[in-house]
Every structure is written in C-alpha cells, then in structure tokens.
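Please read the following points alongside the sequence and the model. They take up the ligand shell, a helix pair, and a few individual residues in turn.

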Amino acid sequence: MNRWLVVYSSVTGNTKKVAEAFCEAVNGTLVRVEDAKEPEGFDAVAVGYWLWRGGPDPKTAAYLSRLSGVNVALFETHAADNRSEHSVTAFARAAACLGKDCRVLNVFECQGQVPEAVREKRAKLEAEKPADPHAKSQGWKNSIGHPDEADLMAAREFALRTDKKLSYFLKKDNA
Ligand SMILES: Cc1cc2nc3c(=O)[nH]c(=O)nc-3n(C[C@H](O)[C@H](O)[C@H](O)COP(=O)(O)O)c2cc1C
C-alpha cells in the first residue's frame, strides 16, 4: 500500500464519511482541510470536498491551489445526481484549481444529503416557481440518505483501484 494523505472538507459530515472510507481502505492519514499541510512524506493526496455553487467548496479550492507536483485523487459529495453535467463539471473546476504539475489519478463522486433547511427552501421554490432551474433539479430529493453503505463500499473500492493505479505511475516515474 502506498502512503496516502486524505484531506477532506465537510460541514454536515457527508464528505467526512467518504474520506474515512477511503482512508480505511488504504490505511492513510486523515486530516481536515483546515489542518492540512503540503503532503510531504506521502506518495499521494486524496482530496474530498462538497459542492458549493457547482465547484469545490472555497476551503478546498484554496488547498488545491497550494499543491504542486503531487499525485492527486479527487472525491466529491453533492446534492446533484451522480454523473450529471453539474457534478462532472465540478471535477474539472477542482482540477483547474490545482497548482503546477499535479497528476489527477482518479475521481469519485456520490450524493450527500442536503440539510433539512435547504430541502424546505427547495420544496417552497418548487411549489412557488416550478419553472426555476433550481426547482426543476431533483437532486436534493434523491440525495436523502446518502452517502449510504453502498456509497461507502464504492468509495473503498475506488481507493483500492486508485492505489493500484498510483503504484503503476510511481514505478513508471522511477524507471
Ligand atoms: C451552501 C450550500 C451550497 C451547496 N451547493 C451545491 C451545489 O452547487 N451543487 C450541489 O450538487 N450540491 C450543493 N450543495 C449540497 C452539498 O454539496 C451536499 O449536501 C454535500 O454532501 C455536503 O457535504 P458535507 O456534509 O460534507 O458538508 C450545497 C449545500 C450547501 C449547504
């Protein structure tokens, strides 16, 4: 197993659960983005964030910009449906925040339940302005109960697959 630093940002706990699952699978070192330093002494860093306005939350965006020359795995939780244009575009936004010469090894996403207050706002919007694009998007409803056990299992599998991929690149880099 390679040496992984797992950095996450989480306000309501969804991304933290995914980060813990990733970390457990690769026996990594888990740290909150608020406490994260450059990943010295690690082979790679996995960075987990929650979606804010269609991209990584601001604390994570700032952390990503501090990384350079690092192997990176990205994971995100969001209200939007998986593989939606919204959630996939967010990976590009996160990657664009990275400093020089980073290699994105792999990405993982799953839904994360939005807080009740936000759900109530969306329900009100849906009732009052059904044509509003935010009201049309149903992700906030589908996100209820996520991340669930299947998401966390998928996160562990993602971690193991990405660790294998990292080994391949490290071998190639050192050849
Ligand atoms: C202020 C705010 C903005 C959000 N913006 C988005 C967004 O742009 N797209 C999205 O899919 N989800 C959005 N969400 C939903 C969160 O990204 C989602 O619930 C996530 O799992 C929260 O992660 P956490 O529990 O680790 O804090 C937003 C939630 C909040 C509270």
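1. For the ligand shell, a residue is near a molecule or strand if its C-beta atom, placed from the backbone, lies within 6 Å of it. This is a predicted model, in which local features need pLDDT of at least 70 and side-chain atom pairs count only at pLDDT 80 or more, while totals for chains, interfaces and linings use all residues. Residues are numbered from 1 along each chain as its sequence is written.

2. The ligand is surrounded by 21 residues, of which Ser 10, Asn 14, Thr 15, Trp 50 and Gly 112 come nearest. At least two residues of this shell come from each of helix 1 (14–26), strand 3 (44–52) and strand 5 (71–78); helices (H or I, at least four residues) and strands (E, at least two) are DSSP runs, numbered from the N terminus. The shell comprises eleven polar, eight nonpolar and two charged residues, where Ala, Val, Leu, Ile, Met, Phe, Trp, Tyr, Cys and Pro count as nonpolar, Asp, Glu, Lys and Arg as charged, and the others, Gly among them, as polar.

3. Helix 1 and helix 7 (residues 149–174) have axes that come within 8 Å and cross at roughly 45°; axes are lines fitted to C-alpha atoms, for helices over the stretch in contact, and angles run from 0 to 180 degrees between N-to-C directions. The two helices, helix 1 and helix 7, are therefore oblique to each other, given that angles under 35 degrees count as roughly parallel, over 145 as roughly antiparallel, 65 to 115 as roughly perpendicular and the rest as oblique. By class, nine nonpolar, four charged and no polar residues make up the contact of helix 1 with helix 7.

4. Trp 140 is found in helix 6 (residues 139–142) and counts as buried, because it has 21 C-beta neighbours inside 10 Å; the cut-offs are 20 or more other C-beta atoms within 10 Å for buried, 12 or fewer for exposed, and partly exposed in between, with C-beta atoms placed from the backbone. Between Trp 140 and Gln 111, 29 residues apart in sequence, the C-alpha to C-alpha distance is 8.9 Å.

5. Three backbone features merit inspection. The peptide bond from His 146 to Pro 147 is cis, with omega near 0°, and Pro 147 is found in the loop between helix 6 and helix 7. Asn 27, in the loop between helix 1 and strand 2 (29–32), has a positive phi near 55° although it is a residue other than glycine. Arg 53, which is not a glycine, has a positive phi of about 50° and lies in the loop between strand 3 and strand 4 (55–56).
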